[in-house]
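Hi,

Here is the structure I said I would pass on. Have a look at it first, and my notes follow underneath.

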Amino acid sequence: MDRNSNEKIVVFVFSLAGLGVIFENYLLGWEFWFPIIILVGIIFLWLVNVSNRIEQDFRVLFYFIFAALIVFYHGIHASSFFDLALTTCLMMIMCALLYRAYMIRILLAEYFSLVLIHLLNLPGGEQLDLDKLLISRIFLHMIIVLIVFFVSDRTIRDRVDDEEEKRKNEELLEANNASMEDFLSNVSHELRTPINVVNGMSDLLMKKGVQEVNAIKKAGIRLAYHVEDIQDYTECKRQNVFIENENYMCTSLINDVVTAFRTSDNTKGLELIVDLNPLTPTMMRGDIKKLHKIFRHLLENAIKFTKAGGIHVRMYTESADYGVNLCIEMTDTGMGMSRNAIWAVSDGMYQANKERNRSSGGIGLGLFIVHGFAHSMGGFVKIESERGYGTTVRVTIPQEVVDPNPCLALENSFEGAVLFHVRPDKYKVPRVRDFYRSMVAGLASGIKVPVYPAETVYEVERLKEKMNASYIFMGQEEYEENKGYFELLAREDIVVAVSADPGISIPEGSKVLFMPKPLYAYAIIKVLSEGRNATGIELQESEERPVFNGVKALIVDDEPMNLVVASSLFRDYEMVVDTAGSGKEALGKYHDNDYDIVFMDHMMPEMDGVEAMKRIKTMAADMEKEAIVVALTANVVSGAREMFINEGFDGFIAKPIDTSDFERVMKNVLPVTGTAEEGRDA
């Protein structure tokens with residue numbers, strides 16, 4: 001039992017002892033005023049025990065004072081002389097539960113003092129008639145008290161030794177864990193540089209038409225994700241996750257999921273059903289990077305452990321005083337998880353199959369990282385699963401609302417009805433059909449458009465006339481089964497839209513709209529708003545890539561291949577690039593040239609990036625110029641961006657370089673000269 005449980009037992013026994021003394025006091029006619037003191041003491045015993053404001057050492061000291069007082073008052077009376085040993089032993093055993101050796105020593109001294117008072121007939125005691133039997137009984141009681149004392153003392157010392165050993169083992173374990181986490185963190189940091197080179201050089205070769213390096217590029221991206229996962233794992237394990245809040249469009253999260261699924265190796269033919277509630281606020285504020293990672297891990301796990309059927313992705317919000325709770329759900333029709341597996345997830349390193357020949361892949365950190373990120377952002381994770389039936393992972397995270405307008409809405413007023421033509425027998429796993437129905441029902445409710453299911457062509461024809469249906473959405477199988485009929489409908493005033501794979505055969509001059517799978521609410525609303533003239537229905541249209549025509553940049557890095565990779569990437573944005581292999585060389589080049597921006601590595605020999613940045617800033621001030629220096633580093637631990645900004649850097653870009661991060665930083669520190677298209681026209 002723990003110390004708190006022992007305390008309650010001690011308080012209970014001491015209270016019973018106090019009540020027993022009160023009863024004996026009443027029977028033997030002892031001092032009338034002392035029971036009042038005992039009653040008050042019992043009340044204070046429980047008040048002290050239930051109060052969390054008093055430290056444990058002070059609590060147990062009060063318990064002991066009460067016990068010593070009971071022993072003294074009870075034992076000072078001659079009528080209780082032979083009960084003194086029993087009372088003392090009881091109190092010693094109770095004090096042993098409190099693990100305080102000094103208490104049982106004081107009780108032992110109190111016992112012998114009371115015996116001495118009675119034997120010598122000292123003031124305060126009562127006369128005893130000594131005989132051989134009495135002396136024998138006193139001697140036996142002393143032996144018993146001494147035995148109880150030594151046993152209690154040994155018990156306390158053993159317990160203290162056990163706790164000390166346990167404390168040392170815990171410290172050693174924590175030290176080992178910290179050492180391992182430091183090792184993993186350092187390894188992930190050191191691996192980022194060669195990964196950056198591999199990915200960058202692969203891009204260069206692919207630009208030159210060497211398509212055979214595509215496999216190398218994919219392997220590099222996969223390795224980069226694993227390294228990033230190790231970094232995230234160590235930060236979650238240490239509970240040292242740094243949150244970087246910024247404004248983001250909610251549809252960017254769904255676009256990320258759709259893009260990731262389309263680029264995945266979907267050899268199992270899984271269906272992805274994306275269910276974005278149209279009433280979700282357009283723009284929120286939170287850590288968009290960690291939300292992207294949460295989606296990535298959930299999707300990868302769902303794909304990994306689902307052999308047939310599909311994956312249902314839901315995203316919606318619930319109103320709250322502070323804004324909204326962003327709810328992300330990922331449901332699959334896969335193998336499911338046991339209760340023990342669900343409990344083990346939050347401990348990290350969980351894998352469904354740890355055998356050497358396992359087929360699931362991965363390094364087993366995904367769900368633990370999801371837990372760590374959600375908790376660090378003030379949210380929580382709930383997992384519902386049944387073996388053989390699938391798993392639902394629900395992540396709820398508080399977010400601020402920046403733009404409360406619905407993320408998806410029709411541009412014009414809508415009249416008529418919409419038909420969804422899906423055969424109920426086309427899916428081998430019936431739950432996939434339920435996923436589609438849920439998505440359609442949520443979309444219809446959100447945009448307030450009447451939607452009707454039509455399982456057969458007969459129902460399509462009947463509902464088309466009865467409900468004045470002007471839009472028909474369907475899957476590829478339904479279209480190909482009755483291609484002539486739907487092509488004929490598309491030539492009339494009815495918009496026919498098909499969710500299909502890229503390789504579908506399209507008749508020449510077809511008026512049917514083809515939306516690539518997976519079906520996404522944005523594409524549906526685009527069609528409903530723009531009709532047969534709908535464009536950009538693959539994904540939400542993104543901004544054109546900016547160019548930084550003529551911007552002079554100095555890249556500083558002690559790794560030559562990093563300079564090659566960064567130079568190639570920056571030249572794609574029409575920048576004028578120069579390089580330096582050290583901080584000292586960078587100072588010389590900055591003094592002799594006019595650069596608009598400097599990209600500075602952090603860890604370099606002789607002079608690190610922070611010192612080089614500060615010297616360049618000082619040099620620029622002396623030359624009456626303004627230096628813009630951006631950190632370009634593999635040091636991406638939580639809070640790294642804030643650390644570099646606080647040191648004086650104007651921006652932060654992590655290696656391997658992500659083009660979206662690069663573009664965002666450049667827009668923040670420099671004016672954009674135009675789009676890529678405008679640059680080519682010029």
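The first thing to know about overall shape: the chain has a radius of gyration of 38 Å, whereas a compact globule of 682 residues would come in near 26 Å. Bear in mind that this is a predicted model. The C-alpha trace spans about 125 × 80 × 50 Å along its principal axes. In secondary structure you will count 22 helices and 19 strands. Of the contacts with a separation of 6 or more, 71% are between residues 24 or more positions apart. As for exposure, 48% of the 682 residues count as buried, and the accessible surface is about 34,500 Å², with 55% of that belonging to carbon and sulfur atoms.

Now to a helix I spent some time on, α16 (residues 521-530). Here 9 of the 10 residues are buried. The buried stretch takes in Ala 521, Tyr 522, Ala 523, Ile 524, Ile 525, Lys 526, Val 527, Leu 528 and Ser 529, so a lysine is in that list along with the aliphatic residues. What lies over them? The cover includes the strands β2, β8 (417-421), β10 (469-475), β11 (495-500) and β12 (513-516), plus the helix α12 (430-447). Just after α16 comes Gly 531, which has a positive phi, near 70 degrees.

Next, Tyr 479, which sits in helix α14. Is this tyrosine buried or exposed? Its relative accessibility is 0%, so Tyr 479 counts as buried. Beyond its neighbours within four places in sequence, Tyr 479 is in contact with Met 474, Phe 486, Glu 487, Val 498, Ile 504, Pro 507, Val 512 and Phe 514. Ser 499 is 20 residues from Tyr 479 in sequence, and their C-alpha atoms are 9.2 Å apart.

Finally, the second largest pocket. It holds about 590 Å³ of space and has 24 lining residues, with Asn 266, Gly 269, Leu 270, Glu 271 and Lys 517 nearest its centre. Which elements supply at least two residues each to that lining? They are α8 (250-263), β2 (271-276) and α14 (476-481). So β2 turns up twice in these notes: this strand is part of the cover over α16 and also contributes to the pocket lining. Helix α14, the one that carries Tyr 479, is on the lining list too. By type, the lining residues are 11 nonpolar, 5 polar and 8 charged.

Best wishes

Technical notes:
Residues numbered from 1 in each chain as written. Predicted model: local features only at pLDDT ≥ 70, side-chain atom pairs only at ≥ 80, totals over all residues. Heavy atoms only, no water. 1 Å grid on protein atoms, 1.4 Å probe; cavity = no way out; pocket = protein on both sides within 12 Å on 5 of 7 lines; lining within 4 Å. Points joined across faces, edges and corners; volume = space filled by probe spheres on them. Helix = DSSP H or I, 4+ residues; strand = E, 2+ residues; numbered from the N terminus. Nonpolar A, V, L, I, M, F, W, Y, C, P; charged D, E, K, R; others polar. Rg over C-alpha atoms; globule rule 2.2 N^0.38 Å. Buried < 20%, exposed > 50% of the residue type's maximum accessible area, 1.4 Å probe, protein only. Contact = heavy atoms within 4.5 Å. Areas by Shrake-Rupley, 256 points an atom, 1.4 Å probe, with all protein chains shown as cover.
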